[in-house]
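Trainee: Please take one part of this model and go through it closely. I would like the sheets of chain A, what packs on them, and how the chain meets its partner.

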Amino acid sequence: MKYRSVFDIIGPVMIGPSSSHTAGAARIGRAARLLFGRQPQRVGITLYGSFAKTYRGHGTDIAIVGGLLNFDTDDERIVRSLDLAKEAGMNVTFIESDERREHPNTARLFLEDEKGSLEVTGVSIGGGKMEIVELNGFELKLSGTAPALLVTHHDRYGAIAKVATVLADHRINVGYMQVSRKEKGSEALMIIETDQTVSDTAEQAIAQLPEVTGVTVM
Amino acid sequence: MDFRTVAELVELAETEGLSISEVMIQKEMETFAKSRADVFSQMEKNLDVMEKAVHKGLKGIHSHSGLSGGDAAKIRRHMEEAPVLLSGKAVLDTVSRATAVSETNAAMGTVVATPTAGACGILPGCLFSAAERLNSDRETMVRALFVSGAIGYCIANNAFISGAAGGCQAEVGSATAMTAAAMVEMAGGTPSMSANAVAIALKNMLGLVCDPVAGLVEAPCVKRNAMGGAIAMVAADMAMAGVTSVIPPDEVIGAMYQIGQNMPNSLKETALGGLAATPTGRALERKIFGQPNNE
């Protein structure tokens with residue numbers, strides 16, 4: 001089920017004009033920032049389909065940048081986000097792509113600073129809802145509606161079990177889990193949506209597992 | 001408490017002896033382990049935002065592009081001053097409020113997406129207008145939002161609710177159907193009457209293309225919100241009169257999905273076709289952006 005809550009339908013509270021192009025876009029930007037873990041210095045935003053065709057009038061540009069500045073869908077600062085980004089020292093470039101993507105409202109964000117980089121692809125599926133569908137080349141499906149844990153790790157036996165054990169020890173229940181890897185034995189990614197919030201101690205315990213290379217809590 | 005289709009929703013309501021709003025409230029509580037008070041107060045906040053958007057728009061508000069604004073106030077004045085009204089006071093009251101919210105949205109004001117921002121005028125427009133005539137209390141109004149949400153939930157999970165995915169039938173069409181069902185419950189109708197209102201309303205929106213001029217959610221969107229409001233009210237009255245839909249609501253939703261799938265991309269919010277591609281549409285696009293988005 002793509003829509004689970006009545007508030008996915010009646011909501012979000014948002015700054016106009018378009019829930020797909022503005023609210024959904026802001027949420028993609030915010031999720032990217034959260035995944036990056038900090039405010040990026042340079043951002044390249046590639047827009048596809050309807051995003052590429054109509055982003056200027058819809059404020060898709062200001063919404064994504066607002067999200068990158070950590071603004072919620074109803075934050076009135078979204079309207080001034082391009083200026084605010086400049087003031088915050090964030091350099092943003094927009095690229096309009098003619099490439100056809102599966103969903104008409106798709107954006108690919110490349111975030112970068114001296115510490116590292118991250119590539120995130122999100123789709124705005126309507127009514128302000130979005131899904132992250134790609135992260136650093138890994139295919140995934142992340143809605144951002146439930147607490148989520150992203151764990152990059154070496155693709156070795158026992159890695160998944162160890163992470164699951166830490167969660168069980170912290171009484172965290174897994175609602176949805178997905179494991180993907182680029183190729184057998186290489187780098188892999190676990191996406192775990194949980195019923196309970198993942199505490200700092202649980203996060204640290206997972207980060208210290210020998211197979212684990214990175215942990216992000218959303 | 002689980003449903004996926006309008007038929008399942010109505011059956012659940014009837015066998016449990018509950019209203020549609022109550023089924024939706026209980027489902028939300030169960031799915032997210034939330035208290036009734038939490039779920040209810042969150043929806044109440046949405047109602048407050050809607051009310052502010054109505055007031056803001058009725059005072060007269062203009063968008064940055066200049067494509068929309070001021071019509072809500074114009075309709076309101078006409079409704080109050082004209083010696084004769086062709087459609088009637090109730091209709092114009094609804095239409096002025098629906099226009100007000102859509103104009104607020106186009107001017108980058110704060111709105112509640114119901115189910116989307118492009119279609120955000122219909123539900124509040126009808127709700128605040130009907131509440132005055134029905135003397136509805138705040139609880140009844142919040143409940144109406146849950147009815148709308150329940151129908152939107154069925155449409156969103158079986159078809160689509162965005163213009164980019166399924167044309168304006170998916171957006172203004174869904175909002176109109178959701179609202180029609182809510183109006184029925186507000187007026188004391190049964191769950192199956194609400195379902196018929198959904199079918200009657202959505203049938204009249206089938207095939208509606210999404211062709212925003214210059215790609216903006218303003219023209220024709222604001223006026224489609226106004227007319228969606230009018231259709232929702234009439235569909236609700238028809239259902240209250242006992243009129244039933246020949247095609248059941250879920251099949252109408254299925255038809256909407258199929259039509260949307262068959263619709264060319266140029267008519268799905270790309271601003272490549274329809275009204276966006278008319279000489280005036282293109283001229284406005286050049287005026288607003290200097291050069292067209294799509295050339």
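**Sheets and contacts of chain A**

Mentor: In this predicted model, chain A has an open sheet of 6 strands in the order E3-E2-E4-E5-E6-E7, and the pairing is mixed. At its edges lie strand E3 (91–96) and strand E7 (138–142) of chain A, each of which pairs on one side only. Direction ignored, neighbouring strands of this sheet are turned against each other by 20 degrees on average.

At the E7 edge, strand E6 (residues 129–135) of chain A pairs with E7(A) in the antiparallel sense, over 3 bridges. Within this pairing, A:Glu134 has A:Glu139 of E7(A) standing opposite.

Two helices of chain A pack on the sheet. One is helix H3 (residues 49–58), which touches strand E2 (42–48), E3, strand E4 (105–113) and strand E5 (116–126) of chain A. The direction of H3(A) makes about 110 degrees with that of E2(A). The other is helix H4 (residues 60–68) of chain A, in touch with E2, E3 and E4 of chain A. For H4(A), the angle between its direction and that of E2(A) is about 140 degrees.

Chain A also has an open sheet of 4 strands, in the order E9-E10-E8-E11 and with antiparallel pairing. The edge strands here are strand E9 (174–181) and strand E11 (212–217) of chain A, with pairing on one side only for each. From one strand to the next, the twist averages 15 degrees. E9(A) and strand E10 (residues 187–194) of chain A are joined over 7 bridges in the antiparallel sense. One of the residues involved is A:Ser180, whose bridge partner in E10(A) is A:Leu189. Helix H6 (residues 159–169) of chain A packs on this sheet and touches strand E8 (148–154), E9, E10 and E11 of chain A. The direction of H6(A) makes about 25 degrees with that of E10(A). In the loop between H6 and E9 of chain A sits A:Arg171; this residue is not a glycine, yet its phi is positive, near 55 degrees.

Next comes the partner chain. Strand E1 (residues 13–15) of chain A pairs with E1(B) in the antiparallel sense over 3 bridges, and A:Val13 has B:Val112 as its bridge partner there. The loops on either side of E1(A) each hold a cis peptide bond. A:Pro12 lies in the loop between helix H1 (6–9) and E1 of chain A, and the bond from A:Gly11 to A:Pro12 is cis, with omega near 5 degrees. A:Pro17 is in the loop between E1 and helix H2 (19–36) of chain A, and the bond joining A:Gly16 and A:Pro17 is cis, with omega about 5 degrees.

The contact between the chains as a whole involves 51 residues from chain B and 36 residues from chain A. About 3,400 Å² is buried between chain B and chain A, with 62% of that area given by carbon and sulfur atoms. Across this interface there are 0 salt bridges by the rule applied, while 13 residue pairs are in polar contact, both residues at pLDDT 80 or more. On the side of chain B that touches chain A, the elements giving two or more residues are helix H2 (20–32), helix H3 (36–58), helix H5 (89–106), strand E1 (110–112) and helix H7 (138–158) of chain B. H7(B) gives the most, with 9 residues. The residues on that side of chain B comprise 28 nonpolar, 20 polar and 3 charged.

Notes
Residues numbered from 1 in each chain as written. Chains lettered and ligands numbered in written order. Predicted model: local features only at pLDDT ≥ 70, side-chain atom pairs only at ≥ 80, totals over all residues. Heavy atoms only, no water. Pairing = 2+ DSSP bridges. Axes fitted to C-alpha atoms, helices over the stretch in contact; angles between N-to-C directions. Contact = heavy atoms within 4.5 Å. Buried area = accessible area lost by both parts, 1.4 Å probe. Salt bridge = Lys/Arg side-chain N within 4 Å of Asp/Glu carboxyl O. Polar contact = N/O pair within 3.5 Å; in protein donor to acceptor, adjacent residues only side chain to side chain. Nonpolar A, V, L, I, M, F, W, Y, C, P; charged D, E, K, R; others polar.
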